[in-house]
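Visitor: I am new to this structure and should like to be guided through it step by step.
Guide: Certainly; please consult the sequence and the structure shown here.

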Amino acid sequence: MTDFYFVRHGQTAANAAGLKQGTINTEITYLSEIGKKQAESLRKGFDISFADQIIASPLQRTKDTAAILNRDANLPVTYDKRLLEISYGSWDGEKNADLMSKYPELFDHVLNDALPTYAAVADGETFSHVIDRIDAFMTEVSAKYPDQKIVLITHGFTIKAAVLAAIGRPTDMMVIEEPDNTSVTRITRDVSNNSYYLRYYNRVVNSHF
């Protein structure tokens, strides 16, 4: 079985400002000082030396989170575009609150997040496409490394999509909220029967309820 440990990157200035980051890779989407401290806290509370390797999204915020988390473990690191965040199309870089005001019918007002129907208006990546690509990634990687423990440094929606794939692709894709910055989610894939197991979701070091 392959164990995937999904880690969401640390906070960025864009996160703090409530922007849709998508695949933007400019300074506002790099780790903030808070984000660096979050990654450092995770490093101290989540020793990744048990793992075999790290695979990360190629954006700067995930690269930097990986570097901090890997400071002591010195695991081999590679990058894969299938771990990229969802691209919100023309909504990338826009304030979530402004978009909610302009397109209330395209948002879930409990989660304060975009519904799958947003994609047609924003010319963005569909929820299903992100689920497909992360599912394909987990299928391919688990076949190649059927007995490894792999840390994946990626993004909020991408982790949500992985969980949706693992639990059988529910019709209502808003049943899961995106995980917190520097949280850990564990998904196991058994290549012998092509089964997924969601072991835990959105665990945060030193979390307070």
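**Strands, cores and salt bridges**

Guide: In this predicted model, Asp3 stands opposite Thr188 in β7.

Visitor: In which sense do β1 and β7 pair, and over how many bridges?
Guide: Strands of a sheet pair through backbone hydrogen bonds, either parallel or antiparallel. For β1 and β7 the pairing is antiparallel, and the number of bridges is six.

Visitor: Which residue of β6 is the bridge partner of Val7?
Guide: β1 also pairs with β6, in the parallel sense and over six bridges. Within β6, the bridge partner of Val7 is Ile153.

Visitor: In what order do the strands of the open sheet stand?
Guide: The sheet has six strands, and its pairing is mixed. β2 (residues 53–56) pairs with β6 in the parallel sense over four bridges, and Ile55 stands opposite Leu152 in β6. The full order is β3-β2-β6-β1-β7-β8.

Visitor: Which strands of this sheet have one side left without a neighbour, and why?
Guide: A strand at the edge of this sheet has a single partner strand, so one of its sides is left without a neighbour in the sheet. The strands at the edges are β3 and β8.

Visitor: By what angle are neighbouring strands of this sheet turned against each other on average?
Guide: The direction of the strands is ignored for this value. On average, the turn between neighbouring strands is 20°.

Visitor: What angle does the direction of helix α3 make with that of β6?
Guide: Helix α3 (residues 60–69) packs on the sheet and touches β1, β2, β3 and β6. Its direction and that of β6 make an angle of about 135°.

Visitor: How many residues of β1 are buried?
Guide: In a regular strand the side chains alternate between the two faces of the sheet. On one side of β1, Thr2, Phe4, Phe6 and Arg8 are buried, and on the other Asp3, Tyr5 and Val7 are buried as well. The number of buried residues in β1 is thus seven of seven.

Visitor: Which element supplies the largest share of the largest nonpolar core?
Guide: The largest nonpolar core has 38 residues, and those with the most contacts inside it include Phe6, Trp91 and Phe137. β1 (2–8), α4 (96–102), α5 (118–122), α6 (127–144), β6 (149–154) and α7 each supply at least two residues of this core. The largest share, eight residues, comes from α7.

Visitor: How many residues does another core, apart from that one, have?
Guide: Among the residues of this other core are Leu42, Ala56, Ala66 and Val184. Its number of residues is 15.

Visitor: Is Ser183 buried or exposed?
Guide: Ser183 has its place in the loop between α7 (156–166) and β7 (184–190). Leaving out residues up to four places away in sequence, Ser183 touches Phe6, Val7, Arg8, Asn202, Arg203 and Val204. Because its relative accessible area is 1%, and buried means under 20%, Ser183 is buried.

Visitor: Which side chain joins that of Ser183 in a polar contact of 3.1 Å?
Guide: The contact joins two side chains, one of them that of Ser183. The other belongs to Asn202.

Visitor: How far apart in the chain are Arg199 and Asp3?
Guide: The side chains of Arg199 and Asp3 meet in a salt bridge (4.0 Å, N to O). The pair links distant parts of the chain, with Arg199 in strand β8 (residues 195–203) and Asp3 in strand β1; they are 196 residues apart.

Visitor: Which residues are linked with Asp3 in a network of salt bridges?
Guide: At 7% relative accessibility Asp3 counts as buried, whereas Arg199, at 42%, is partly exposed. The residues linked with Asp3 in the network are Lys149, Arg186 and Arg199.

Visitor: Which residue meets Arg82 in a salt bridge?
Guide: Arg82 is in the loop between β3 (77–79) and α4, and its partner is in helix α6, 58 residues apart. The N to O distance is 3.0 Å, and the partner is Glu140.

Visitor: Is Asp135 buried or exposed?
Guide: Asp135, in helix α6, forms a salt bridge with Arg169, the closest N and O atoms being 2.9 Å apart. Arg169 is partly exposed, with a relative accessible area of 38%. Because buried means under 20%, Asp135, at 16%, counts as buried.

Note on methods:
Residues are numbered from 1 along each chain as its sequence is written. This is a predicted model: local features need pLDDT of at least 70, side-chain atom pairs count only at pLDDT 80 or more; totals for chains, interfaces and linings use all residues. Side-chain values use heavy atoms; hydrogens and water are left out. Buried means under 20% relative accessible area, exposed over 50%, partly exposed in between (1.4 Å probe, protein chains only). A polar contact is a pair of N or O atoms within 3.5 Å; within protein, one must be able to donate a hydrogen and the other to accept it, and residues adjacent in sequence count only if both atoms are side-chain atoms. Contact means heavy atoms within 4.5 Å. A nonpolar core is a set of buried Ala, Val, Leu, Ile, Met, Phe, Trp, Tyr and Cys residues joined through side-chain atoms within 4.5 Å. Two strands pair if DSSP finds at least two bridges between them. Axes are lines fitted to C-alpha atoms, for helices over the stretch in contact, and angles run from 0 to 180 degrees between N-to-C directions.
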